[in-house]
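Okay, thanks everyone, let me get the screen up. I'll talk you through the cysteines first and then move on to the ligand.

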Amino acid sequence: MDWGMKNRLSRIIKPDTGKTVMLAVDHGYFLGPTSGLEEPTGIISELIPWADSLMLTRGVLRASVKAEQDIPIVLRVSGGTSIVGNSLANEGITVAIDDALRLNVSALALSIFVGSEHEKETLLNLSKLVDEGQKFGIPVLAVTAVGREMARDARYLGLCCRIAAELGAHLVKTYYCDNFEEVVKACPVPVVIAGGKKIEEKAALELAYNAVRDGAVGVDMGRNIFQSDCPVGMIKAVKQIVHQGLSAKEALAIYNDVKKDKLKS
Ligand code: R5P
């Protein structure tokens, strides 16, 4: 791996722990003003101090993050579909590599839709993006998007992660599932998990703990942080699990403490 690629990756996966807490706030690219992200600027700036990187689109990056802010950017570069359109899987590449370079991003992120009618296009998009990234030393995060009809099990998610890695992705994001360690074992590049739909804080912290225990290098979590009643408490708790190995119970106590302080003030 060349120097630039290695340097960018080490801004995301922290060399001292080998782990990462990515904050995903890219949901608007197909969901529009998602709950919790209606006005992204405030919530993003509140959470940045605890995030290892931000995953978002160039539009929200320009509008809501100061260029002087020292936070690695994982730029969402796939899209072209919406929640009200005909096929979410029909994504294309939405950002030219020279703009990604101008934005000084640390990685590029693109979704693949294995098993969908647009499987081939999205996989070829990934290959093309990896080629573009290789030219300039920019790593690619492949997001294994899952259609409603697909089972989120180790067999299917393992297939998606392995294909992403085979096509050259440097990092893969997927969902936690039973036998997750098999997914990680069969994927030759680091794996992070998405949080998925908002669930109880305790359950979300258990999810993060289980994923790291089973081999994930961390999380790329969104809704379970920014839709929480105490987003700062949640990201602090997740960070302690990922980087310090705290149990979900210990991390929940951190979340509760921050929430209590917030209510007092
Ligand atoms: C998909 O909409 C995006 O890639 C999200 O960044 C991803 O799903 C992670 O966010 P969440 O934890 O809310 O699932």
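So, C160: buried or exposed? With a relative accessibility of 0%, C160 counts as buried, because the cut-off for buried is under 20%. This is a predicted model, by the way, so keep that in mind as we go. C230 goes in the buried class too, because its relative accessibility is 1%.

How many disulfides turn up in a search of the whole structure? Zero. Take C160 again: the nearest cysteine sulfur belongs to C161, and that sulfur is 6.6 Å away. A disulfide here needs two cysteine sulfurs within 2.5 Å, so C160 is in no disulfide.

Okay, on to the ligand. Which pocket is it in? The space the ligand takes up is the largest pocket. Around the ligand you have 14 residues, and the closest are D26, H27, R76, G222 and R223. If you sort that shell by class, you get five nonpolar, four polar and five charged residues.

Now the polar contacts, and here I'd zoom in on the side chains. H27 has a side-chain N or O atom 2.7 Å from an oxygen of the ligand. R223 also puts a polar side-chain atom 2.7 Å from a ligand oxygen. Then there's K173, where the distance from a polar side-chain atom to an oxygen of the ligand is 2.9 Å.

And how much of the ligand does the protein cover? On its own, the ligand has 360 Å² of accessible area, and the protein covers 95% of that.

That's what I have; happy to rotate the view if anyone wants another look.

Terms used. Residues numbered from 1 in each chain as written. Predicted model: local features only at pLDDT ≥ 70, side-chain atom pairs only at ≥ 80, totals over all residues. Heavy atoms only, no water. Near = heavy atom within 4 Å. Polar contact = N/O pair within 3.5 Å; in protein donor to acceptor, adjacent residues only side chain to side chain. Areas by Shrake-Rupley, 256 points an atom, 1.4 Å probe, with all protein chains shown as cover. 1 Å grid on protein atoms, 1.4 Å probe; cavity = no way out; pocket = protein on both sides within 12 Å on 5 of 7 lines; lining within 4 Å. Sits in = over half its atoms within 2 Å of the grid points. Nonpolar A, V, L, I, M, F, W, Y, C, P; charged D, E, K, R; others polar. Buried < 20%, exposed > 50% of the residue type's maximum accessible area, 1.4 Å probe, protein only.
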